[in-house]
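Trainee: I have not seen this structure before. Please take me through the sheets and the core.

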Amino acid sequence: MRSVLCDLSQVAEGEIREVRLGERVFMVFRYQGHIHVYDAFCTHRRCNLARMGKLDEGKIVCTCHDSEFDAETGKPLSGPSRKPLTKYRSQVEGDKVFLVE
Ligand code: FES
């Protein structure tokens, strides 16, 4: 099943965008030209990374307690979180970014 998340033109390189789909909240960003879609909530204490996170040289940094995650895989790199972020499959078609489940 595919669901439209947003327009590709709304996702600037290096910026994290919050996208809500029903009750679910995702963070969408473009890193080195590729779109990545994750559950928005940090696996430490659930800060919303679309609001409290930033991208820094290939890492997603949660500014709540400084956990760092690999931007491409969601694996924890440092800080208090030990669990990877939940990553979703996505597709880009035309100017649309789709969530694929
Ligand atoms: S909630 Fe993200 S590091 Fe604590």
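Trainee: How many bridges join E1 to E10?
Mentor: This is a predicted model, in which local features need pLDDT of at least 70, side-chain atom pairs count only at pLDDT 80 or more, and totals for chains, interfaces and linings use all residues. Residues are numbered from 1 along each chain as its sequence is written. Strands (E, at least two residues) and helices (H or I, at least four) are DSSP runs numbered from the N terminus, and two strands pair if DSSP finds at least two bridges between them. E1 and E10 run antiparallel, and the number of bridges joining them is five.

Trainee: Which residue in E10 is the bridge partner of Asp-7?
Mentor: Asp-7 belongs to E1, which spans 2–7. Its bridge partner in E10 is Lys-96.

Trainee: Which residues make up the covered face of E10?
Mentor: A residue counts as buried if 20 or more other C-beta atoms lie within 10 Å of its own, as exposed if 12 or fewer do, and as partly exposed in between, with C-beta atoms placed from the backbone. The uncovered face of E10 has Lys-96, Phe-98 and Val-100. The covered face has Val-97 and Leu-99.

Trainee: Which residue stands opposite Leu-99?
Mentor: E9, residues 87–93, pairs with E10 in the antiparallel sense over five bridges. The hairpin of E9 and E10 has two residues between the strands, and Gly-94 takes a positive phi near 60° there. Opposite Leu-99 stands Ser-90.

Trainee: Why is one side of each of two strands left without a neighbour in the sheet, and which strands are they?
Mentor: The open sheet of six strands has the order E1-E10-E9-E4-E3-E2, with antiparallel pairing. The strands at the edges each have a single partner strand, so one side of each is left without a neighbour; they are E1 and E2.

Trainee: What is the average twist from one strand to the next in that sheet?
Mentor: Axes are lines fitted to C-alpha atoms, for helices over the stretch in contact, and angles run from 0 to 180 degrees between N-to-C directions. From one strand to the next, the twist averages 35°.

Trainee: Which residue in the turn between E2 and E3 has a positive phi?
Mentor: E2 and E3 pair in the antiparallel sense over six bridges, and Arg-20 stands opposite Val-25 in E3. The two strands form a hairpin with two residues between them. The turn residue with a positive phi, about 60°, is Gly-22.

Trainee: Which residue takes a positive phi in the hairpin of E3 and E4?
Mentor: E3 and E4 pair in the antiparallel sense over six bridges. Arg-30 stands opposite Ile-35 in E4. The hairpin has two residues between the strands, and a positive phi near 50° is taken by Gln-32.

Trainee: Which strand supplies the largest share of the largest nonpolar core?
Mentor: A nonpolar core is a set of buried Ala, Val, Leu, Ile, Met, Phe, Trp, Tyr and Cys residues joined through C-beta atoms within 7 Å. Of the 23 residues in the largest one, Leu-5, Phe-26, Met-27, Val-28 and Leu-49 touch the most other members. Elements that each supply at least two residues include helix H1 (49–52) and strand E6 (59–62). The largest share, four residues, comes from E3.

Trainee: What is the order of the strands in the open sheet of four?
Mentor: E7, residues 68–70, and E8 pair over two bridges, with Glu-68 opposite Ser-78 in E8. E5 (53–56) and E8 (76–78) stand at the edges. The pairing is antiparallel, and the order is E5-E6-E7-E8.
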